[in-house]
Protein chains: 2
Amino acid sequence: MAIGGAEDKKGDKRILKRFVDEAGGPESTVVVFPTASEQKEAGPMYARLFDSLEVNEIHVVDLVDRQTALDQEDRVVELLEQCTGIFFAGGNQLRLTTLLGGTRILTALRRRHAEGVIVAGTSAGAALLSEHMIAFGESGLTPGHGKVTLVPGMGLTNKVIVDQHFRQRDRLGRLVSALAYNPFPVGLGVDEDTAAILDAADRIHVVGKRSVVVLDANRSPFTNADSVVGSTPFAMFGITLHVLTEGCVFELETRRALAPPPGGAAPIVDDE
Amino acid sequence: MAIGGAEDKKGDKRILKRFVDEAGGPESTVVVFPTASEQKEAGPMYARLFDSLEVNEIHVVDLVDRQTALDQEDRVVELLEQCTGIFFAGGNQLRLTTLLGGTRILTALRRRHAEGVIVAGTSAGAALLSEHMIAFGESGLTPGHGKVTLVPGMGLTNKVIVDQHFRQRDRLGRLVSALAYNPFPVGLGVDEDTAAILDAADRIHVVGKRSVVVLDANRSPFTNADSVVGSTPFAMFGITLHVLTEGCVFELETRRALAPPPGGAAPIVDDE
């Protein structure tokens, strides 16, 4: 579940509530990682929010540096084994990968995810979820070398690349750059207070107030990303762009966007 | 010729030079409209720039209000009849349409354009060129009602809608909104120091340092822009997105993007 940041925390908390529902509602045990944020309040704030949504048990795992992460591996892995939902707060996604990359914590997390436990991240936490993570990049329209820096992320799926805060600054160029290098993954631009939920059937569901942009470059007939050098921008033709709002679904298998069913009921997320 | 703003004025002046070449080079007579800008320097600055590019004759037509435009109709129409190139500076595109809309100046301008005279605009001047002009709108990723305000523009073509300064703020949502209402035109997002030149064969050529994004919603299978109300965002599927760099061409007739020919020579603009 990739949240574009700035999810509602005061109104109906639609996105956070959906996370809690998927985690098991009143039977849920949630582990919160506020590690991406340098701010001490992130952990307690999400603990209070999940408490107000009647989560059964909440554990905040605040790992301040890599040594702490290594020292606490056993304890955190045990928490992950017992939880029903995992949540990553926002901040700096490189702080998360540098602290947690290669630890048994991430191995356990991937295993729990494969077993059907929901893993959510907001803002930097959303960027982190995929195999190929956008660490940073330049704003702007035009793709080019140096526009985007991809690093290994948490690795829950290699089928999407998430760009968060897509709305704040024009990040089209950096997402197209990432896809030009290898059009296999689908690019997801997630707007604020909106979430993309990837289910076990590889379908992306949209929840929230705004939209998710899907960039599918699978059928692109041309890019010159392999031949341009230096700061010369590169071209890319034939990317398919879908703007999905709540209730819309994108099937990764068929690369088709599906309209909300009549009546507007959001389709059910399968845990297969 | 739609220029995305901030065209180079100190280096090789590639974009402005291309405009002058198309206008006839050393035989050219150029009319400059600095009307969109409230700044007094815009007119003299472009006069100096075109002088440095060896334009034969330069006329700056600075119309400060609508009454002046009406009073000077005859003089300006006569200048337009004799010119070989017309250039609109940046500023506020609504200032241009409110001052010039319905005057014989714009009628003469459309006639001269149909006769093959190049009409260029930078920034607000670029937005102005098409039949449907984006007057203003909200930044952001997500399309919706109120996201974009379309007004009648100069009317040189109804086949494209230009959004300028596409790079400065995320304007994807407003351009998609415009296309959702009627997917007939192609959306052009023109980056700074870059230009899209529409030739007489309805082919778009790209010149400059960055890129032009083409959004083609012609084959889009779904939008709910007709049924959503209020501030609910709308969805739109299956827009084709092309990122074009210098030398690339987009054919409006076939809706195909063409790669630069081998050797990288920019294709010739036909004046049919």
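Which residues is Arg174(B) in contact with, leaving aside its neighbours within four places in sequence? Keep that selection in mind; the tour returns to it at the second stop. The model is predicted.

**Stop 1: both chains**

Show chains A and B together. A rotation of 180° superposes chain A on chain B, with 0.0 Å of shift along its axis. The RMSD is 0.0 Å. That is the relation of a two-fold axis. Now colour the contact residues between the copies. The same surface serves both: 100% of the contact residues of chain A recur in chain B.

**Stop 2: Arg174(B)**

Select Arg174(B). It is found in helix α8 of chain B, residues 172-181. Arg174(B) is buried, with a relative accessible area of 4%. Now add its surroundings, leaving out neighbours within four places in sequence. Arg174(B) is in contact with Ile134(B), Phe136(B), Gly137(B), Glu138(B) and Gly140(B). Lys147(B), Val148(B), Asp163(B) and Gln164(B) complete the list.

**Stop 3: Ala126(B)**

Stay in chain B and keep Gln164(B) on screen. Gln164(B) is also one of the residues that Ala126(B) touches. Select Ala126(B), in helix α7, residues 124-127 of chain B. Its relative accessible area is 0%, so Ala126(B) is buried. Beyond four places in sequence, Ala126(B) touches Ala2(B), Ile3(B), Gly121(B), Val162(B) and Gln164(B). Draw a C-alpha to C-alpha distance from Ala126(B) to Asp202(B): it reads 17 Å. In sequence, Ala126(B) and Asp202(B) are 76 residues apart.

**Stop 4: Asp202 in both chains**

Follow that distance to its other end. Where is Asp202(B) placed? It sits in the loop between β10 (194-198) and β11 (203-208) of chain B. Check the backbone. Most residues other than glycine have a negative phi. Asp202(B) is not a glycine, yet its phi is positive, about 60°. Asp202(B) is buried, with a relative accessible area of 16%.

Jump to chain A. Asp202(A) lies in the loop between β10 (194-198) and β11 (203-208) of chain A. Asp202(A) has a positive phi of about 60°. Asp202(A) is buried, at a relative accessible area of 17%.

**Stop 5: the nonpolar cores**

In soluble globular proteins, nonpolar side chains tend to be buried together. The largest nonpolar core here has 50 residues. Select Phe33(B), Leu80(B), Phe88(B), Leu109(B) and Leu188(B), which touch the most other members. A second, separate core holds 49 residues, including Leu63(A), Ala127(A), Leu156(A) and Leu252(A).

Centre on Phe88(B). Again leave aside neighbours within four places in sequence. Phe88(B) is in contact with Phe33(B), Leu96(B), Leu100(B), Leu109(B), Val119(B) and Ala120(B). Its contacts also include Gly121(B), Thr122(B), Gly125(B), Leu128(B) and Met154(B).

**Stop 6: two helix pairs**

Two packed helices are described by the angle between their axes and the distance between the axes.

Select α1 (residues 14-23) and α2 (residues 42-52) of chain B. Their axes come within 10 Å and cross at roughly 70°. α1(B) and α2(B) are therefore roughly perpendicular to each other. On α1(B), Leu16(B), Phe19(B) and Val20(B) make the contact. On α2(B), show Tyr46(B), Leu49(B) and Phe50(B).

Switch to chain A for α4 (residues 73-82) and α6 (residues 104-114). These axes are 9 Å apart, at an angle of about 10°. α4(A) and α6(A) are therefore roughly parallel to each other. The α4(A) side of the contact includes Val76(A), Val77(A) and Leu80(A). The α6(A) side includes Ile105(A), Ala108(A) and Leu109(A). Charged residues can be displayed as well: Glu73(A), Asp74(A) and Glu81(A) on α4(A), and Arg104(A), Arg111(A) and Arg112(A) on α6(A), are among the contact residues.

**Stop 7: helix α5 of chain A**

Select residues 93-100 of chain A. In α5(A), 6 of the 8 residues are buried, so it is largely enclosed by the rest of the structure. Those buried are Gln93(A), Arg95(A), Leu96(A), Thr97(A), Leu99(A) and Leu100(A). At the start of α5(A), find Asn92(A): a side-chain oxygen reaches to within 2.8 Å of the backbone nitrogen of Leu94(A). After the helix comes Gly102(A), with a positive phi near 80°.

**Stop 8: Ala217(A)**

Finish at Ala217(A), in the loop between β12 (212-216) and β13 (222-223) of chain A. Is Ala217(A) buried or exposed? Ala217(A) is buried, with a relative accessible area of 1%. Leaving aside neighbours within four places in sequence, its contacts are Leu179(A), Pro183(A), Met236(A) and Ile239(A). Ala217(A) and Met236(A) are 19 residues apart in sequence, and 8.8 Å apart from C-alpha to C-alpha.

Definitions and conventions:
Residues are numbered from 1 along each chain as its sequence is written. Chains are lettered from A and ligands numbered from 1 in the order in which they are written. Side-chain values use heavy atoms; hydrogens and water are left out. Buried means under 20% relative accessible area, exposed over 50%, partly exposed in between (1.4 Å probe, protein chains only). Helices (H or I, at least four residues) and strands (E, at least two) are DSSP runs, numbered from the N terminus. A polar contact is a pair of N or O atoms within 3.5 Å; within protein, one must be able to donate a hydrogen and the other to accept it, and residues adjacent in sequence count only if both atoms are side-chain atoms. A nonpolar core is a set of buried Ala, Val, Leu, Ile, Met, Phe, Trp, Tyr and Cys residues joined through side-chain atoms within 4.5 Å. Contact means heavy atoms within 4.5 Å. Copies are superposed by least squares on the C-alpha atoms of residues with pLDDT of at least 70 in both. Axes are lines fitted to C-alpha atoms, for helices over the stretch in contact, and angles run from 0 to 180 degrees between N-to-C directions. Angles under 35 degrees count as roughly parallel, over 145 as roughly antiparallel, 65 to 115 as roughly perpendicular and the rest as oblique.
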